[in-house]
Amino acid sequence: MSDFKKDILEILFPSDFKCVCCGEEISNEDFLICENCYKKLPWINGKVCEVCGELIKSESKLCMQCKSKLPYFKKCVSLFKYEEPISSLIKNFKYNNATYLQKTLATFILKSFLKLNEKVDVVIPVPLHYNRFKHRGFNQSEEICYYLKSLLNLSVNTNAVVRKIDTQTQTELNRKQRCENLKDAFVVVDKNAIKNKTVLLVDDVYTTGSTLNEVAKTLIKAKVKNVFAITIAHNTIETNLLEEFKK
Ligand SMILES: [Zn+2]
Ligand SMILES: [Zn+2]
């Protein structure tokens with residue numbers, strides 16, 4: 001069909017539901033990605049570090065980073081490489097007010113959780129500082145826990161941990177700077193809610209792991225039993241390979 005005809009049809013019979021990747025019309029109004037685009041998403045299929053989920057090439061079970069120092073969380077699982085179109089979907093959801101993507105991203109988090117395959121007692125979305133929460137109007141990590149709460153009936157706790165330091169944006173920082181930047185940024189305000197429990201941390205993107213690690217450290221210090229983590233996408237792939245190369 002020509003674009004012109006499509007445009008006319010669109011005017012006559014507007015359809016609300018289009019694939020967010022290619023624009024094709026779809027019937028699944030919740031998920032918003034067509035079958036074709038779904039198959040082509042940047043799924044993580046290769047061999048990954050058993051702890052942090054980093055893609056690895058070596059025969060070893062751990063990536064270089066986990067080998068040199070294990071994180072405070074037991075295991076982190078991500079569904080995708082942080083590449084297009086996933087990166088754009090996440091950015092649009094976070095910064096461009098694309099709230100219609102909530103259920104799409106929540107489906108991915110649900111899938112990450114099934115891939116993790118661990119029993120957890122409480123889900124904690126990585127907290128935003130109050131200032132950023134006020135500015136953005138929502139916490140993206142909290143929103144993507146939608147299906148964990150509504151389908152799996154998992155308890156989601158958004159009050160037990162707070163971000164007390166409004167850390168500067170981490171995007172431009174390297175791993176070491178990120179760790180410095182995040183030092184003591186989180187605090188447990190409700191120890192009883194998490195004591196001796198297995199916690200699942202939820203975040204949108206695993207960048208260097210320093211945010212998840214800092215929250216996990218805060219939780220472990222507050223006598224949490226175990227910490228697992230899930231994210232939609234994982235971003236350190238090249239960085240790590242590069243680091244491995246430098247050694
Ligand atoms: Zn599509
Ligand atoms: Zn690792």
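This is a short walk through one predicted model, from the overall make-up to the sheet, two of its helices and a few backbone details.

Let me start with the totals. The protein has 11 helices and seven strands. It has 247 residues, and 36% of them count as buried. If you take contacts between residues at least 6 apart in sequence, 72% of those join residues at least 24 apart.

Now the sheet. Five strands make up an open sheet, in the order 1-7-6-2-3, and the pairing is parallel. Strand 1 and strand 3, the latter being residues 155-156, each have a single partner strand, so they stand at the edges and one side of each is left without a neighbour in the sheet.

Going in from the strand 3 edge, strand 2 is residues 122-125, and its parallel pairing with strand 3 rests on two bridges. For the register, valine 122 is opposite serine 155 of strand 3, and valine 123 is opposite valine 156 of that strand. Strand 2 also runs parallel to strand 6, and there four bridges join the two. In that pairing, isoleucine 124 sits opposite leucine 201 of strand 6.

Next, what lies across the sheet. Helix 5, residues 102-116, lies across strand 1, strand 6 and strand 7, and its direction is at about 135° to strand 7. Helix 10 also lies across strand 1, strand 6 and strand 7, running at about 165° to strand 6.

Helix 10 deserves a closer look. It covers residues 210-221, and at 1.5 Å a residue its 12 residues should span 16 Å; the end C-alpha atoms are 16 Å apart, so the two agree. How much of helix 10 is buried? Nine of its 12 residues are, so the helix is largely enclosed by the rest of the structure. The buried set is Ser210, Thr211, Leu212, Asn213, Glu214, Val215, Ala216, Thr218 and Leu219. And what covers them? The cover includes strand 1 (75-81), strand 4 (161-163), helix 9 (175-182), strand 5 (186-188), strand 6 (198-206) and strand 7 (226-234). Just after the helix, lysine 223 takes a positive phi of about 70°.

Helix 4, residues 86-95, is the other one to go through. Its buried residues are Ile86, Leu89, Ile90 and Phe93. These cover an arc of only 95° around the axis, so they are on the same side of helix 4. They pack against strand 1, helix 5, helix 7 (140-143), strand 6 and strand 7.

On to the core. The largest nonpolar core contains 58 residues, and the members that touch the most others are Ile109, Leu201, Leu219 and Ile232. Leu219 we have met already, among the buried residues of helix 10, and Leu201 as the residue opposite isoleucine 124. Leaving out residues up to four places away in sequence, isoleucine 109 touches Ile144, Cys145, Tyr147, Leu148, Val202, Ile230 and Ile232.

Last, the backbone. As background, most peptide bonds are trans, and most residues other than glycine have a negative phi. Where does this model depart from that? One place is the peptide bond from glutamate 84 to proline 85, which is cis, with omega near -5°. Proline 85 is in the loop between strand 1 and helix 4.

Then there are the positive phi values. Asparagine 97 is not a glycine, yet its phi is positive at about 60°. It comes just after helix 4, in the loop between helix 4 and helix 5. Is asparagine 97 buried or exposed? Exposed: asparagine 97 has 11 other C-beta atoms within 10 Å, where 12 or fewer counts as exposed.

Aspartate 184 is another residue other than glycine with a positive phi, near 55°. Its place is the loop between helix 9 and strand 5. Aspartate 184 has 10 other C-beta atoms within 10 Å, so it is exposed.

To recap: the open parallel sheet has the order 1-7-6-2-3, helix 10 is largely enclosed, and the bond from glutamate 84 to proline 85 is cis. That is all I have.

Technical notes. Residues numbered from 1 in each chain as written. Chains lettered and ligands numbered in written order. Predicted model: local features only at pLDDT ≥ 70, side-chain atom pairs only at ≥ 80, totals over all residues. Expected span 1.5 Å × (residues − 1). Buried ≥ 20, exposed ≤ 12 C-beta atoms within 10 Å, placed from the backbone. Contact = placed C-beta atoms within 7 Å. Pairing = 2+ DSSP bridges. Axes fitted to C-alpha atoms, helices over the stretch in contact; angles between N-to-C directions. Core = buried A, V, L, I, M, F, W, Y, C linked by C-beta atoms within 7 Å. Arc of directions from axis to C-beta.
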